[in-house]
Amino acid sequence: MIAADAFTTLTVMLAAYLLGSIPTAILVCHSMGIGDPRQQGSGNPGATNVLRMGNRPAALLTLTGDLSKGMLAVWIAQRLDLGLFNQALVGISALIGHVWSIFLRFGGGKGVATMLGSCLLLDYRLGLALCAIWLSLLAVRRTSSLAAVGMALVSPIISWQLTPQVLLPIIIMSCLLLATHHQNIRKLLKGSESPL
């Protein structure tokens, strides 16, 4: 039974990686005829850069798609009766797929929305708390990277309080987010990061 569960988990993790690898921003921008986000703005294929390109509907669609990748991955794990910890591992796989997409030669976005989507399905309280923190920081400081970094830093604390069963996976997700924002962190420290 343990071997069967492990095989199922690994299979779903692989599927989640492929799901996370779908380049939402590029597909949305291509379908709306607004160019490749990798060649405009910050060069990041994510909702924030699409918003910087001046197309709010495209940015909203990108955000929704990236959220959905994390949510769908965990939802599949739930339907297969995987335990909460394994569901979180599936969420990590979707996040890794988004950041290092096989369809983009292992490039990709920064993973904020995909992590939030996974957390909303793992425990809606955790997901809503993280969304509230991200949105609050974004509203106050108008800097997407600062909101993401702030959310990543407090995510383990909130998980420890609400859902300690997935604390380790949440720490891993948070570290991945901080890693994808390393250049932004340098700019934040220098005071040169661009606001929205």
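In the predicted model, the buried residues of helix α2 pack against α3 (47-52) and α4 (56-79). Helix α2 spans residues 24-31, and its buried residues are Thr 24, Ala 25, Ile 26, Val 28 and Cys 29. An α-helix has 3.6 residues a turn, so residues three or four places apart point the same way. Just after α2, Gly 33 adopts a positive phi of about 65°.

Thr 24 belongs to helix α2 and is buried, its relative accessible area being 11%. This value counts as buried because the limit for that class is under 20% relative accessible area. When neighbours within four places in sequence are set aside, the contacts of Thr 24 are Leu 61, Thr 62, Gly 65, Asp 66 and Lys 69.

Thr 24 also appears in the description of the enclosed space. Rolling a probe the size of a water molecule over the atoms shows where empty space is left. One cavity of 30 Å³ or more is present in the structure, and the largest cavity contains about 60 Å³ of space. Its lining is made up of 14 residues, and Ile 22, Pro 23, Thr 24, Pro 45 and His 98 are the closest to the centre. At least two lining residues come from each of α1 (2-21), α2 and α4. Sorted by class, the lining of the largest cavity comprises five nonpolar, seven polar and two charged residues.

The open space was examined in a similar way. The largest pocket has a volume of about 1100 Å³. It is lined by 39 residues, and those nearest its centre are Ala 47, Thr 48, Asn 49, Arg 52 and Ser 144. The helices α3, α4, α6, α7, α8 (144-162) and α10 (182-190) each contribute at least two residues to the lining of this pocket. By class, the lining of the largest pocket consists of 14 nonpolar, 18 polar and seven charged residues.

Two of the helices that line the pocket, α6 and α7, also pack against each other. Helix α6 covers residues 112-122 and helix α7 covers residues 124-141; the angle between them is about 145°, and their axes lie 5 Å apart. On the α6 side, the residues in contact are Val 112, Met 115, Leu 116, Cys 119, Leu 120 and Leu 122. On the α7 side, they are Tyr 124, Leu 126, Gly 127, Leu 128, Leu 130, Cys 131 and Trp 134. The contact of α6 with α7 has twelve nonpolar residues, one polar residue and no charged residues. The polar residue is Gly 127, because glycine is placed in the polar class here.

Each side of this contact includes a cysteine, Cys 119 in α6 and Cys 131 in α7. A disulfide is a covalent bond between the sulfur atoms of two cysteines. The structure holds zero disulfides. Cys 119 is in no disulfide, and the nearest cysteine sulfur, that of Cys 131, is 8.6 Å away. From the side of Cys 131, the closest cysteine sulfur is that of Cys 119, and the two are not bonded because 8.6 Å is too far for a bond. The cut-off for a disulfide is a pair of sulfur atoms within 2.5 Å. Both cysteines are buried: Cys 119 has a relative accessible area of 0%, and Cys 131 has one of 18%.

Trp 134, in the α7 part of the same contact, was also compared in position with Ile 171. The two residues are 37 residues apart in sequence and 17 Å apart in space, C-alpha to C-alpha. Ile 171 lies in helix α9, residues 167-180. With a relative accessible area of 32%, Ile 171 is partly exposed.

Backbone angles were considered last. Most residues other than glycine have a negative phi, and most peptide bonds are trans. Asp 81 is not a glycine, yet its phi is positive, at about 60°. This residue sits in the loop between α4 and α5 (84-99). Asp 81 counts as exposed, with 69% relative accessibility. Arg 142 is likewise a residue other than glycine with a positive phi, near 60°. Its place is in the loop between α7 and α8, and it is partly exposed at a relative accessible area of 45%.

Key:
Residues are numbered from 1 along each chain as its sequence is written. This is a predicted model: local features need pLDDT of at least 70, side-chain atom pairs count only at pLDDT 80 or more; totals for chains, interfaces and linings use all residues. Side-chain values use heavy atoms; hydrogens and water are left out. Axes are lines fitted to C-alpha atoms, for helices over the stretch in contact, and angles run from 0 to 180 degrees between N-to-C directions. Helices (H or I, at least four residues) and strands (E, at least two) are DSSP runs, numbered from the N terminus. Contact means heavy atoms within 4.5 Å. Buried means under 20% relative accessible area, exposed over 50%, partly exposed in between (1.4 Å probe, protein chains only). On a 1 Å grid over the protein atoms alone, a cavity is a set of points where a 1.4 Å probe fits but cannot get out, and a pocket is an open set with protein on both sides within 12 Å along at least five of seven lines; lining residues have an atom within 4 Å of a point. Grid points are joined across faces, edges and corners, and a volume is the space filled by probe spheres set on the points.
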